[in-house]
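Colleague: I am new to this structure and would like to go through it step by step. Could you show it to me before I begin asking?

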Amino acid sequence: MQISDELKEKFQTARSVCVLTGAGISAESGVPTFRGGGNSTVWKGMPFDQISSASMVRENLAEVWEWFDYRRGVLKDCEPNAAHFTLAKWQDRFAGFTLVTQNIDGLHTAAGSRDVIELHGNIQRAYCTNCEKRFDIRGKIPHVPEICDDCGANLRADVVLFGEMLPPGAFEKAEKAARNCDLFFVVGTSALVYPAAGLAEIAKRNGAFLVEINPEETPMSGFCDFSIRMKAGRILPAF
Ligand code: OAD
């Protein structure tokens, strides 16, 4: 699919650009998405939104860790792809640029993006369930330490689970960027999880030109000014 002349012009003249990414942008790096292609991830017979939920942390923290350590194991061999690298270049191309991600894989930062707003946390960090001390667990699979070295309480992944609030200030920063941009990209997200998906609506309501990049249609598609049904790693470098 071509990038239309209108979109080319919007891209060339944009002063402030905001991009919201989801699991699809990392698919070409080998990170499995949660939804898409008519499938939904299941872990040991459990839907992913059950194993990734606040109630599971309370009921069976060990099993939640098994799931996240498995996901971290998959990530060990994953590198950023052309889509991540392209977005890292965009940060120096526009007067204003904000990258907001729902991903917890850290691949945007690995590609060189600065100040990424990670709405759902980061799987390579853990925090103490008692004193909230943060731990970097990169490269440690299974995660180590298992308990907090300050207070001895259990650690949990620093990831926003279903039923939990977003990190303080993260959504507010993203919302401000969405409200003030003239071009907003929604890349590789099923646009089903709020409040993240609502950022595209906020941008459009405030006058931004809204572009979707996703091989599949989503609930956001009808609302977008332009939809590109292609893989992010193929089309983003073409900009
Ligand atoms: P999903 O797994 O729900 O959706 C992935 C989307 O990426 C689908 O719409 C696919 O069609 C699309 N896709 C697949 N390959 C692609 C490619 N190469 N290029 C572009 N798009 C592609 O992922 P999210 O929308 O990110 O929450 O899911 C939102 C949240 O739900 C996640 O952040 C996660 C999950 O529960 C947490 O981890 C807290």
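Colleague: Is Cys 18 buried or exposed, and what is its relative accessible area?

Modeller: Please bear in mind that this is a predicted model. A residue counts as buried when its relative accessible area is under 20%, and Cys 18 meets that condition, so it is buried, with a value of 1%.

Colleague: How many disulfides does the structure hold?

Modeller: Two cysteine sulfur atoms must lie within 2.5 Å to count as a disulfide. For Cys 18 the nearest cysteine sulfur, that of Cys 181, is 5.1 Å away, and for Cys 151 the nearest, that of Cys 128, is 3.4 Å away, so neither Cys 18 nor Cys 151 is in a disulfide. For the structure as a whole, the number of disulfides is zero.

Colleague: Where does the ligand lie with respect to domain 1 and domain 2?

Modeller: The shell around the ligand holds 22 residues, with Phe 34, Arg 35, Val 160, Thr 189 and Ser 190 the closest. Domain 1 (5-31 + 79-120 + 166-238) and domain 2 (34-77 + 124-159) both contribute residues to this shell, so the ligand lies between them.

Colleague: What share of the ligand's own accessible area does the protein cover?

Modeller: Among the polar approaches, a side-chain N or O atom of Glu 28 is 2.8 Å from a nitrogen atom of the ligand, while a polar side-chain atom of Ser 190 lies 2.6 Å from a ligand oxygen atom. On its own the ligand has 800 Å² of accessible area, and the share covered by the protein is 94%.

How values were computed:
Residues numbered from 1 in each chain as written. Predicted model: local features only at pLDDT ≥ 70, side-chain atom pairs only at ≥ 80, totals over all residues. Heavy atoms only, no water. Buried < 20%, exposed > 50% of the residue type's maximum accessible area, 1.4 Å probe, protein only. Near = heavy atom within 4 Å. Polar contact = N/O pair within 3.5 Å; in protein donor to acceptor, adjacent residues only side chain to side chain. Areas by Shrake-Rupley, 256 points an atom, 1.4 Å probe, with all protein chains shown as cover. Domains from an automatic or database assignment.
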